[in-house]
Structure formats: C-alpha cells, structure tokens
Amino acid sequence: MNAVDYRGRTTLITGASSGLGAEFARRLAARGSDLVLVARREDRLKALAAQLSAAHGVEVEVIAMDLSVEGCGELLAAEVERRGITVSSVVNNAGFGTYGHFHLEDPQRLRQEVALDVMAVVDISRAFIGPLRSRGEGVLVNVASVAGYQPVPNMAVYGAAKAFVLSFTEALWQESRSTGLRVLALSPGATKTEFFEVVGSEDAASGTKMQTSEQVVRTALKALDRRNPAPSVISGTMNRVMAFSGRLASRRTVVKMVDRMSSPRRASV
C-alpha cells in the first residue's frame, strides 16, 4: 500500500472547531480532500470552512451537532446522505476530559464524558465503517491518548475511556486489514489545545512537555502513509517511552507513579 490519496474524496472530522480536529482539516485540505466538519460551534466551523475552501479549492460542508446525544452516528450518517455526500474517510476526534477525585465529580458531567469519548466513537464508527470497507480505500482514525495505556488517578474516567478507544480501534484494524481501509488509533500526550481549558487545570498534563497539534497530526498522517500501517501510533518520543515503560513494572507501581505525576496541587479529599 502506498501513501493515501485524499484528492477528490471526502473526509468527515468530528471535533473540528479547534485543536487536533481543525489541524486534521487543514492538513487534509492541503492534500486535496473535501471535508465535512462536525462540532457544536457552528461559527468556528464556518470560519474554518471558508478559510480552507479559499486556500485549497476544496468543498467543505459544516454540520453543527452535539455528538453526546444517543444515536449520534445514525443522525450524522443520515444528514450526510441527505446532503448527497459520500464520505471516504472518518476522523473521530471529538472528546473531552474531567480532572479531579472521582468521588467529587459531577455525575452528569461524567455521563457526558463517557457518551462523547466512548459511545460517540462506537456509534460513528459503526455508522460509517460498512461503506468505508466496501469502497476499499480511505482511513478511519480514532483519537485515543497515552492516558489509555495505564490507569490515571484524578482522570479515572478519561483514562478508562481512552483505553477503550485504543482497544476498540486496534480490533477494527485487524477486522479491516483485507478491505483496503486503513484503521488507526492515534494516541497523543499532552497537546497545546483547548483540552486543558475544558479540564480546568494544566496539572492534568503531569508536568510533561506539550506537543503542538501540528506535530500530533503529522505523526498520524505519516503512520497512515506507510506501506503496512500499524494499528496504533503514539505521538512523541517521550510519550512512547512513558507508555511502554509501564510494561516493565507492576500494576501497583504504575498506578502509584501516575498518581504522583497527575495529582492536583490543591485537592480536597
């Protein structure tokens, strides 16, 4: 398999109003892909769409949608069909994290986190993977995280959600190997996006050096362009070292180490 040819094809990107989603949009538009940008903030999507259309001459559709709602995949697929769009690739990027001791977290916020980080990924993947496999081309990227490689005290739900996305996507990679569809779980570490504004604290970065969105997306696209793409990729050398070093220690040691790195500086217990 050679580098992915996105020209004349359409990529659907969730969480496209900022951060990694917006960077995927910029990079893929530059490679000739038409786009469907999905997020809640329609004004930002429209501004990005206008910019990319003018810069690269691609068609860009905007769909303002809350992907934490039940059945979001079917709703999104129906809207795409209504507009007469054939989607060739999907990037499931939408998601957010919560930070703090689990017993102090807002239950409704936790339900929204699971709905967006887990159920939306499953729902959208299920809604689009059949046609993607049938066409025998394109990509399905699900954004996981290095947080998915070990338990993460103070981000218990987020770490568990990303562990699900990682395992789920690697399984889809194996199921899709003979179809021509390239499936990839992308695991960034701390990245300079709005993620930490939503979380409410940069303590969640565990003191690690942050990458840029450009670095993370470049890693993903490079992995997809390989002749035999792996099921998953971790962005950043130190992130890879940290993720795989956990395999050399006991589960007890790993979770204690992560706790020391990620504990809130001023926490109520």
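A residue counts as buried when its relative accessible area is under 20%, and as exposed when that value is over 50%. By that cut-off Val 143, at 6% relative accessibility, is a buried residue, and in this predicted model Val 143 offers a convenient point of entry, since several parts of the chain can be reached from there. Val 143 is found in strand S5, and, once neighbours within four places in sequence are left aside, its contacts are Leu 20, Asn 92, Asn 93, Lys 162, Val 165, Leu 186 and Pro 188.

The strand that carries Val 143 belongs to a sheet, which is best described next. Strands of a sheet pair through backbone hydrogen bonds, in either a parallel or an antiparallel manner. Here the sheet is open and has 7 strands, whose pairing is parallel and whose order is S3-S2-S1-S4-S5-S6-S7. Its edges are formed by strand S3 (60–64) and strand S7 (232–234), each of which pairs on one side only. On average, and with direction ignored, neighbouring strands of this sheet are turned by 15 degrees against each other.

Within the sheet, the pairing of S1 with S2 can be followed residue by residue. Strand S1 (residues 10–14) runs parallel to strand S2 (residues 34–39), and the two are joined over 5 bridges. Thr 10 stands opposite Asp 34 in S2, while Thr 11 has Leu 35 in S2 as its bridge partner. Of the 6 residues of S2, 5 are buried, so this strand is largely enclosed by the rest of the structure.

Just beyond S2 the picture changes, for Arg 40 lies in the loop between S2 and helix H2 (42–56) and, with a relative accessibility of 66%, counts as exposed. Arg 40 nevertheless has contacts outside its own stretch of chain: with residues up to four places away left aside, Arg 40 is in contact with Ala 64, Met 65 and Asp 66. Between Arg 40 and Gly 15, which are 25 residues apart in sequence, the C-alpha to C-alpha distance is 8.0 Å.

Strand S4 holds Asn 92, a residue with a polar side chain by the usual grouping. Is Asn 92 buried or exposed? At 2% relative accessibility, Asn 92 counts as buried. Its contacts, apart from neighbours within four places in sequence, are Thr 14, Val 121, Ile 124, Ser 125, Leu 140, Val 141, Asn 142 and Val 143.

The helices come next, beginning with H1. Helix H1 (residues 19–30) lies across S1, S2, strand S4 (89–92), strand S5 (139–143) and strand S6 (182–187), and runs at about 165 degrees to S1. Helix H7 (residues 213–224) contains Val 217, which is buried with a relative accessible area of 0%. Not counting residues up to four places away in sequence, Val 217 touches Leu 20, Glu 23, Phe 24 and Arg 27. Val 217 and Leu 20 are 197 residues apart along the chain, yet their C-alpha atoms are separated by 6.9 Å. Val 143, the starting point of this account, is 74 residues from Val 217 in sequence and 10 Å from it in space, C-alpha to C-alpha.

Two packed helices are described by the angle between their axes together with the distance between those axes. Helix H4 (residues 107–135) packs with helix H5 (residues 156–175) at an angle of about 10 degrees, and their axes are 9 Å apart. Because angles under 35 degrees count as roughly parallel, H4 is described as roughly parallel to H5. Among the residues that meet in this contact are Leu 110, Val 114, Val 118 and Ile 129 in H4, and Val 157, Ala 161, Phe 164 and Leu 172 in H5. Taken as a whole, the residues of the contact divide into 13 nonpolar, 1 polar and 4 charged.

The loops on either side of H5 complete the tour. In the loop between S5 and H5 is Asn 154, which counts as buried at 7% relative accessibility and has a positive phi of about 80 degrees although it is not a glycine. In the loop between H5 and S6 lies Thr 179; a polar atom of the Thr 179 side chain is 3.2 Å from the backbone nitrogen of Leu 181. With residues up to four places away in sequence not counted, Thr 179 touches Arg 133 and Gly 136.

Definitions and conventions
Residues are numbered from 1 along each chain as its sequence is written. This is a predicted model: local features need pLDDT of at least 70, side-chain atom pairs count only at pLDDT 80 or more; totals for chains, interfaces and linings use all residues. Side-chain values use heavy atoms; hydrogens and water are left out. Two strands pair if DSSP finds at least two bridges between them. Helices (H or I, at least four residues) and strands (E, at least two) are DSSP runs, numbered from the N terminus. Axes are lines fitted to C-alpha atoms, for helices over the stretch in contact, and angles run from 0 to 180 degrees between N-to-C directions. Contact means heavy atoms within 4.5 Å. Angles under 35 degrees count as roughly parallel, over 145 as roughly antiparallel, 65 to 115 as roughly perpendicular and the rest as oblique. A polar contact is a pair of N or O atoms within 3.5 Å; within protein, one must be able to donate a hydrogen and the other to accept it, and residues adjacent in sequence count only if both atoms are side-chain atoms. Buried means under 20% relative accessible area, exposed over 50%, partly exposed in between (1.4 Å probe, protein chains only).
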